[in-house]
Amino acid sequence: MNKNVLLACVFVVCKSLCAQQQGIHPGEVWPDTKGNHIQAHGGGIIKVADTYYWYGEERAQGLDTGFRYVSGYSSKDLTHWTFMGDVLKLTDPENLGAHWILERPKVFYHKAAKKYVMYFHLDNHNYKFARVGVAVSDKPGGPFSYVKSFRPLGLESRDIGQFIDDDGTPYLIFESRPSKGFYIASLSADYREVDKQISFIHAPLEGGAIVHYKGLYYAIGSALTGWKPNPNKYATAASLAGPWSDFKDIAPPATNTYQSQSTLLLKVEGKDSTTVIFMADQWRPATQWDSRYLWMPVEMSGEKLWLPEPKPWKLNVKKGTWEYLEQK
Ligand code: DGJ
């Protein structure tokens, strides 16, 4: 074998070994199964049968700037992710003009209709349009087709989040600046409309994320500081409709949530235990393709929730357990 071929082989093997990383490394480059840094920013995750699907903002370099893209990844273990492709590739759907915005896509699976229904924040360059966009697909890997845009409950909507309760009921979380808070709303029977207000949380927070754990609802949000991180906070309630407690810090405030911003709380229920993962973005606004993910299991007990200092860890989805990776 000539030397160049040998070197190429070594490179391919190294690349795939890197992709087969051991666990989850908060804040580091996260290679997909082909070795490319995952592009699923401001994302959401659903589980269908035994597969997890992660959708998010595709911000790779070199994309056609006339489009906005949502990427999709699949995984059985929440650690090794296979790129399914850009499941939505959209041109300006509402004449929003240059620098229009598609952010924080979230997909819900409608089991009876066998449809994947995507919501995203749709806006113009100065965030005045403030609507959600909806797109639909028959398959998790797309292609998703644009359906429409609207203001949920007739209200301005910017950051959106998703919450699926234990009985499978889907909810959209959306931040509304004029009301200085965020809404939790149920969806219509076909998931394509936002139906009814379930709760309004009077706190100026975005990046809204909710989980139901041991009989209590926990809501996390981040302050309105653009791409800059801030101390994210949480509140609890016995019912989704509230009343909600006051908001408290999820981590030492000086760390600014370890330089991250909430996007989802993911509950992994296994046969031995349940792990709740705080999923957050470490934004790099000048080099968005290199923005990182901070995923860490949170400690929860009664009305307390705490984000431990991020360190590499590994998850066992079957058991629902996690442990720190040994540091070399
Ligand atoms: C914070 C939001 O959470 C992000 O999704 C994005 O809209 C930035 N603001 C823009 O400044």
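How far is an oxygen atom of the ligand from an N or O atom in the side chain of D159? In this predicted model, the separation between that ligand oxygen and the side chain of D159 is 2.5 Å. The points below begin with the surroundings of the ligand, then turn to the two largest pockets by volume, of about 770 Å³ and about 640 Å³, and end with individual strands, their pairing and the contacts of E57.

**Ligand surroundings**

- The residues around the ligand are E103, R104, Y127, D159, E206, G226, W227 and Q261, and among them D159 places an N or O atom of its side chain 2.5 Å from a ligand oxygen.
- Q261 also approaches an oxygen atom of the ligand, with a polar side-chain atom at 2.8 Å, whereas G226 has a polar backbone atom that lies 3.5 Å from a nitrogen atom of the ligand.

**Largest pocket**

- The largest pocket, with a volume of about 770 Å³, is lined by 26 residues, and those closest to its centre are I46, K47, I164, D165 and K267.
- Two or more lining residues come from each of strand 1 (41-48), strand 5 (101-110), strand 9 (160-164), strand 13 (206-213) and strand 17 (261-269), and strand 17 gives the largest share, with six residues.
- By residue class, the lining of the largest pocket consists of 17 nonpolar, three polar and six charged residues.

**Second largest pocket**

- The second largest pocket holds about 640 Å³ of space, and 23 residues line this pocket, with E58, R59, F67, R68 and W100 nearest its centre.
- Strand 3 (67-75) and strand 5 each contribute at least two residues to the lining of the second largest pocket, and the lining as a whole divides into twelve nonpolar, five polar and six charged residues.

**Strand 9 and its hairpin**

- Strand 9, one of the strands that give two or more residues to the lining of the largest pocket, is mostly covered, with four of its five residues buried.
- Strand 9 runs antiparallel to strand 10 (residues 170-176) and is joined to strand 10 by five bridges; in this pairing, F163 has Y171 of strand 10 as its bridge partner.
- The two strands form a hairpin with five residues between them, and in the turn G168 has a positive phi of about 90°.

**The four-stranded sheet**

- An open sheet of four strands follows the order 13-14-15-16, and its pairing is antiparallel.
- Strand 13 and strand 16 (248-249) stand at the edges of this sheet and each has a single partner strand, so one side of each is left without a neighbour in the sheet.
- The partner of strand 16 is strand 15 (residues 233-237), which is joined to strand 16 by two bridges in an antiparallel arrangement, and here K233 stands opposite D249 of strand 16.

**E57 and its contacts**

- E57 belongs to strand 2 (residues 51-57) and counts as buried because its relative accessibility is 3%, which falls under the 20% limit for that class.
- The side chain of E57 makes a polar contact of 2.7 Å with the side chain of R59, and R59 is also one of the residues nearest the centre of the second largest pocket.
- The side chain of E57 also reaches the backbone nitrogen of R104 at 2.8 Å, and R104 is in turn among the residues around the ligand.

How values were computed:
Residues numbered from 1 in each chain as written. Predicted model: local features only at pLDDT ≥ 70, side-chain atom pairs only at ≥ 80, totals over all residues. Heavy atoms only, no water. 1 Å grid on protein atoms, 1.4 Å probe; cavity = no way out; pocket = protein on both sides within 12 Å on 5 of 7 lines; lining within 4 Å. Points joined across faces, edges and corners; volume = space filled by probe spheres on them. Nonpolar A, V, L, I, M, F, W, Y, C, P; charged D, E, K, R; others polar. Buried < 20%, exposed > 50% of the residue type's maximum accessible area, 1.4 Å probe, protein only. Pairing = 2+ DSSP bridges. Near = heavy atom within 4 Å. Polar contact = N/O pair within 3.5 Å; in protein donor to acceptor, adjacent residues only side chain to side chain.
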